[in-house]
Amino acid sequence: MLKQIAGDCIAVRLRVLNRIVTTIFDKALRPYGIRASQLNIIVAVSAYGPATVHQLCRVLHIDASTLSRSIARMKKKGWLESEPSGDGKIMLIRTTPLGLDMIRTVYQVWEEAQEKAAALLGDPAMEVISSAGNKRLLEGMAG
C-alpha cells in the first residue's frame, strides 16, 4: 500500500506541481503586492462581471470562507468592491478601476511567469492541464 500511494498518488503530485507553479507566479507578482490567487479572483470577477460569492466559488472551485477572506483583503487594497444585489444579504462583487489597473500593470510579468511554468511542465502536460482546467471552469460557469 505504501509503495503504491508513494509511487502513484495523483493528489501529492498535483500539489507539488501546484506549489512549484504558484511559487513562479507569486515570485513574479510579489513586487506589485499581489499574489497569483488574488489575481485569479480579480480576473474572474472582471471576466464574469459583477458576481456573488456563490457564483465565484462555483467558477473557481474554492470554498466560501477562503474566498470571503481573499475578497476582504482585496477590498482593503481597493481592487474589489461589493454592493447589495437587491436580494437581501447577497452581495455583488465587482472589480474597481484600481483592480483593472492592477491587471494591466502585472500583465507582462504574468506572461513571463506563464512561459516559465509552461516550460517547466512541458507541452504535453500543458495540453492536458488546459483541457481539463477549461472543462472545469466551463462547468463552474454553467452550474
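Asp26 is buried, with a relative accessible area of 9%. This residue belongs to helix H2. Once neighbours within four places in sequence are set aside, Asp26 is in contact with Arg35 and Ala36. The model is a predicted one, and every value here is computed from it.

A leucine in the sequence shortly after Asp26 shares these partners. Leu29 touches Arg35 and Ala36, and also Ile34, Leu39, Val106 and Val109, again without counting residues up to four places away in sequence. Leu29 is also one of the residues that touch the most other members of the largest nonpolar core, together with Ile34, Leu56, Leu80 and Val106. That core holds 25 residues. Helices H2, H3, H4, H5 and H6 each supply at least two residues of the core, and the largest share, six residues, comes from H3. In soluble globular proteins, nonpolar side chains tend to be buried together.

The overall layout gives these elements their context. The protein has seven helices and two strands. From one end of the sequence to the other, the order of elements is α-α-α-α-α-β-β-α-α. The C-alpha trace spans about 55 × 35 × 25 Å along its principal axes. Of the 143 residues, 26% count as buried. Among contacts with a separation of 6 or more, 53% are between residues 24 or more positions apart.

One of the two strands offers another buried residue to look at. Thr95 lies in strand S2, which covers residues 91-95. Thr95 counts as buried because its relative accessibility is 15%, and the cut-off for buried is under 20%. The side chain of Thr95 makes a polar contact of 2.8 Å with the side chain of Ser46. Apart from neighbours within four places in sequence, the residues in contact with Thr95 are Ile42, Val45, Ser46, Trp79, Leu80 and Leu100. Of these, Leu80 has already appeared as one of the core residues that touch the most other members. Ser46 falls within helix H3, which runs over residues 36-48, so the polar contact to Thr95 links strand S2 with that helix, given that helices and strands are taken as DSSP runs.

His61 presents the opposite case. This residue sits in the loop between H4 and H5. At 51% relative accessibility, His61 counts as exposed, since the cut-off for exposed is over 50%. The backbone of His61 has a positive phi of about 55°, although the residue is not a glycine. Most residues other than glycine have a negative phi.

The last feature is the largest pocket, which contains about 2100 Å³ of space. Its lining is made up of 43 residues, and those nearest the centre of the pocket are Asn18, Asn40, Ile129, Gly133 and Leu137. Which helices each supply at least two residues of the lining? They are H2 (10-29), H3 (36-48), H4 (53-60), H5 (64-76), H6 (97-121) and H7 (123-142). H7 gives the largest share of the lining, 11 residues. By type, the lining residues divide into 27 nonpolar, 12 polar and four charged. Helices H2, H3, H4, H5 and H6 each supply at least two residues of the largest nonpolar core and also at least two residues of the lining of the pocket.

Methods:
Residues numbered from 1 in each chain as written. Predicted model: local features only at pLDDT ≥ 70, side-chain atom pairs only at ≥ 80, totals over all residues. Heavy atoms only, no water. 1 Å grid on protein atoms, 1.4 Å probe; cavity = no way out; pocket = protein on both sides within 12 Å on 5 of 7 lines; lining within 4 Å. Points joined across faces, edges and corners; volume = space filled by probe spheres on them. Helix = DSSP H or I, 4+ residues; strand = E, 2+ residues; numbered from the N terminus. Nonpolar A, V, L, I, M, F, W, Y, C, P; charged D, E, K, R; others polar. Core = buried A, V, L, I, M, F, W, Y, C linked by side-chain atoms within 4.5 Å. Buried < 20%, exposed > 50% of the residue type's maximum accessible area, 1.4 Å probe, protein only. Contact = heavy atoms within 4.5 Å. Polar contact = N/O pair within 3.5 Å; in protein donor to acceptor, adjacent residues only side chain to side chain.
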